[in-house]
Amino acid sequence: MHALGSKGLAGRIAIFAAPTDLATEALGRLVGQYGNATLDDARVVVALGGDGLMLETQHRLLGRNLPVYGMNCGSVGFLMNDFGDTSLPDRLALAQATTLHPLRMRAHVGMGDPVEALAINEVSLLRETRQAAKIRILVDGKKRLDELICDGVLVATPAGSTAYNLSAHGPIVPLGANLLPLTPISAFRPRRWRGALLPAEARVVFEVLEHDKRPVAAVADYTEVRDVRQVEVWEDRTVALTMLFDPDHGLSERIIAEQFTV
């Protein structure tokens, strides 16, 4: 954003808002000052809401190569900057860019065609009934865990490692580490297995065992596929997403700081 400059942003800012009173009120204030460009004319997108809106906005912009600057009008706002309605073009011009690559999920459901979806946070497999899931895990074609009995299992991106992955007691991963956390969800057997850190180029395959008796759903952010038989997950380096952060509060710093939060 530095090369563009604040003057070059006049009339080139598109603004999205979550459907909440706080975000809607903030939208009115910003549009009144800076207008609201169409996506075809925009050079940058401002997202008003929480982390959910950031994910929704990034999915909406896939293929457009537009950077997104989030401002927190929600609850957690881990992926957002502080809200402010003054000097927005200057803040955007000074913002630091972070490039993320999503996970691609390919879910097989029997005889039909596989379903593919992208995940910015994580791909998770979750049991559908009272029966625990039984899942075999392969990494780069090599069987690593013959049978995981659990409520589920997930693979997260570094940016998503502070979301569901952290709630499932998975590790927080700095953005530059080129690692993907693989984390079980309420593992019953092997009881002491806490997951693994995989290289970013790894390709993970989950095979659902006893799928008729123990059905499993696969979820990639907003896309859910039920009754899956096999799920492949890998980082899709062909897709790049850009988020903008204020210089004193970048995503890498947030991930480090989160590890010292008690």
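How many Å² does the chain expose, and what share of it do carbon and sulfur atoms supply? The chain exposes about 12400 Å², and carbon and sulfur atoms supply 50% of it. The legends below refer to a predicted model.

**Figure 1. Overall architecture of the predicted chain.** The chain contains 5 helices and 17 strands. Its radius of gyration is 20 Å, close to the 18 Å that the globule rule gives for 262 residues, so the chain is as compact as a globular protein of that length. The C-alpha trace spans about 60 × 40 × 35 Å along its principal axes. Of the 262 residues, 50% are buried. Among contacts between residues at least 6 apart in sequence, 67% join residues at least 24 apart.

**Figure 2. The largest nonpolar core, with 46 residues.** Within this core, Val 46, Leu 88 and Leu 251 have the most contacts. Two or more residues are given to the core by each of β1 (13-17), α1 (21-34), β2 (44-49), α2 (51-60), β3 (68-72), α3 (88-94), β17 (241-245) and α5 (251-258). The largest share, 5 residues, comes from β2. A second core, separate from this one, has 30 residues, including Ile 135, Val 153, Ala 202 and Phe 206. In soluble globular proteins, nonpolar side chains tend to be buried together.

**Figure 3. Surroundings of Leu 88 in the largest core.** Beyond its neighbours within four places in sequence, Leu 88 is in contact with Ile 13, Leu 30, Tyr 34, Val 46, Tyr 69 and Met 71. One of these partners, Val 46, is itself listed with Leu 88 and Leu 251 as having the most contacts inside the core.

**Figure 4. Parallel pairing of β2 and β3.** These two strands run parallel and are joined by 5 bridges. Val 45 stands opposite Val 68 of β3. In β3, 4 of the 5 residues are buried, so this strand is largely enclosed by the rest of the structure.

**Figure 5. Packing of helix α2 against neighbouring strands.** The buried residues of α2 are Leu 53, Met 54, Leu 55, Thr 57 and Gln 58. These buried residues pack against β1, β2, β3 and β17. An α-helix has 3.6 residues a turn, so residues three or four places apart point the same way.

**Figure 6. Strand β7 and its two antiparallel pairings, with β10 and with β14.** Strand β7 (residues 122-127) is joined to β10 (residues 152-156) by 5 bridges, and the two run antiparallel. Here Glu 122 has Ala 156 of β10 as its bridge partner. Strand β14 (residues 216-220) also pairs with β7 in the antiparallel sense, over 5 bridges. In this second pairing, the bridge partner of Leu 125 is Ala 218 of β14. In a regular strand the side chains alternate between the two faces of the sheet.

**Figure 7. Environment of Thr 98 in strand β4.** Thr 98 lies in β4, which covers residues 96-100. Its relative accessible area is 15%, under the 20% limit, so Thr 98 counts as buried. Not counting residues up to four places away in sequence, Thr 98 touches Leu 175, Leu 241, Thr 242, Met 243, Phe 245 and Leu 251. Of these, Leu 251 is among the residues with the most contacts inside the largest nonpolar core.

**Figure 8. Ser 161 in its loop and Leu 166 in helix α4.** Ser 161 lies in the loop between β10 and α4. With a relative accessible area of 0%, Ser 161 is buried. Residues up to four places away aside, Ser 161 touches Ala 156, Leu 166, Pro 171, Ile 172, Val 173 and Pro 181. Leu 166 is placed in α4 (residues 164-167). At a relative accessible area of 29%, Leu 166 is partly exposed. Outside its neighbours within four places in sequence, Leu 166 is in contact with Ser 161, Ile 172 and Glu 258. The C-alpha atoms of Leu 166 and Met 243 are separated by 21 Å, with the two residues 77 apart along the chain.

**Figure 9. Two buried cysteines, Cys 73 and Cys 150.** Cys 73 has a relative accessible area of 7% and is buried. Cys 150, at 1% relative accessibility, also counts as buried. Across the whole structure, a search finds 0 disulfides.

Notes: Residues numbered from 1 in each chain as written. Predicted model: local features only at pLDDT ≥ 70, side-chain atom pairs only at ≥ 80, totals over all residues. Heavy atoms only, no water. Core = buried A, V, L, I, M, F, W, Y, C linked by side-chain atoms within 4.5 Å. Buried < 20%, exposed > 50% of the residue type's maximum accessible area, 1.4 Å probe, protein only. Contact = heavy atoms within 4.5 Å. Disulfide = S-S within 2.5 Å. Pairing = 2+ DSSP bridges. Rg over C-alpha atoms; globule rule 2.2 N^0.38 Å. Areas by Shrake-Rupley, 256 points an atom, 1.4 Å probe, with all protein chains shown as cover.
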